[in-house]
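Q: Please take me through this model one feature at a time. I would like the general idea first and the case at hand after it.

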Amino acid sequence: MGGLEGLEVAGLARRYCDLIEASTDAHRRRWLEDVASLLPRLQASIYSVSAPVSGVVPTSVVDLDARFELFWRLRRLLADRDGYWLEFDRASEGADGMTGSLADDLTDIYCDLKSGLRLYARQPESALRGWAYGFDRHWGRHLVDAERHLALLAAQGRLEL
């Protein structure tokens with residue numbers, strides 16, 4: 001575990017976190033396109049790391065206030081691009097029945113990757129195991145849901161903010 005694959009995961013994690021943090025920049029017209037192009041690369045890189053996930057204990061401490069602030073900032077930015085239907089949602093429930101949120105997906109991915117980046121500087125192997133564990137148990141589902149929604153937005157020509 002580790003090596004070049006670990007460096008790639010860490011680099012993409014850093015790039016993703018930088019993109020999320022830059023979402024408030026004035027020149028963000030292509031921001032969502034950049035996120036959409038980065039997520040598949042991040043997914044492929046985490047698959048390339050052969051990190052056993054059994055026995056890994058997640059060590060991240062989430063600042064719930066900061067997470068909530070980020071979520072609402074992204075939700076405001078995404079506006080009508082935020083909500084989406086999941087497979088089990090019923091169309092008869094209307095817009096209130098939408099259960100997917102791109103802002104929530106991007107926030108959860110960010111929180112897991114950011115906590116791993118802090119650990120990566122001190123213990124790269126532990127960070128990689130933690131990312132693999134988190135991907136397998138939590139943020140991987142958010143990544144796949146976000147990719148699916150972003151593909152739909154791209155097909156509709158709605159990635160530019």
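A: The model is predicted. We can begin with a pocket: the second largest one has a volume of about 200 Å³.

Q: Which residues are closest to the centre of the second largest pocket?
A: Of its 13 lining residues, Ala 66, Arg 67, Tyr 110, Cys 111 and Lys 114 are the closest to the centre.

Q: Which elements give two or more residues to that lining?
A: Two helices do: H3, residues 64-78, and H4, residues 102-120. The largest share, five residues, comes from H4.

Q: How many residues of each class are in the lining of this pocket?
A: The lining has six nonpolar residues, six charged residues and one polar residue.

Q: Where do these helices sit in the order of elements along the chain?
A: The chain has five helices and two strands. Read from the N terminus, the order is α-α-α-β-β-α-α.

Q: How are two packed helices described?
A: The description uses the angle between their axes and the distance between the axes. Here, the axes of H4 and H5 (residues 124-155) come within 9 Å and cross at roughly 160 degrees.

Q: Are H4 and H5 roughly parallel or roughly antiparallel?
A: Angles over 145 degrees count as roughly antiparallel, and H4 and H5 are therefore roughly antiparallel to each other. Their crossing is left-handed. By class, the contact of H4 with H5 has 16 nonpolar, five polar and five charged residues.

Q: Where does His 138 lie, and is His 138 buried or exposed?
A: His 138 lies in helix H5. The cut-offs come first: buried means under 20% relative accessible area, exposed means over 50%, and partly exposed is in between. His 138 has a relative accessible area of 30%, so this residue is partly exposed. As for the chain as a whole, 46% of its 161 residues count as buried.

Q: What separates the C-alpha atoms of His 138 and Asp 112?
A: The two residues are 26 residues apart along the chain, and their C-alpha atoms are separated by 8.9 Å.

Q: What should I know about the sign of phi?
A: Most residues other than glycine have a negative phi. Ala 79 is not a glycine, yet it has a positive phi of about 50 degrees.

Q: Where is Ala 79 placed, and what is its relative accessible area?
A: Ala 79 is in the loop between H3 and strand E1, residues 83-84. Its relative accessible area is 47%, so Ala 79 is partly exposed.

Conventions:
Residues numbered from 1 in each chain as written. Predicted model: local features only at pLDDT ≥ 70, side-chain atom pairs only at ≥ 80, totals over all residues. Heavy atoms only, no water. 1 Å grid on protein atoms, 1.4 Å probe; cavity = no way out; pocket = protein on both sides within 12 Å on 5 of 7 lines; lining within 4 Å. Points joined across faces, edges and corners; volume = space filled by probe spheres on them. Helix = DSSP H or I, 4+ residues; strand = E, 2+ residues; numbered from the N terminus. Nonpolar A, V, L, I, M, F, W, Y, C, P; charged D, E, K, R; others polar. Axes fitted to C-alpha atoms, helices over the stretch in contact; angles between N-to-C directions. Parallel < 35°, antiparallel > 145°, perpendicular 65-115°, else oblique. Left-handed = near helix turned anticlockwise from the far one by under 90°. Buried < 20%, exposed > 50% of the residue type's maximum accessible area, 1.4 Å probe, protein only.
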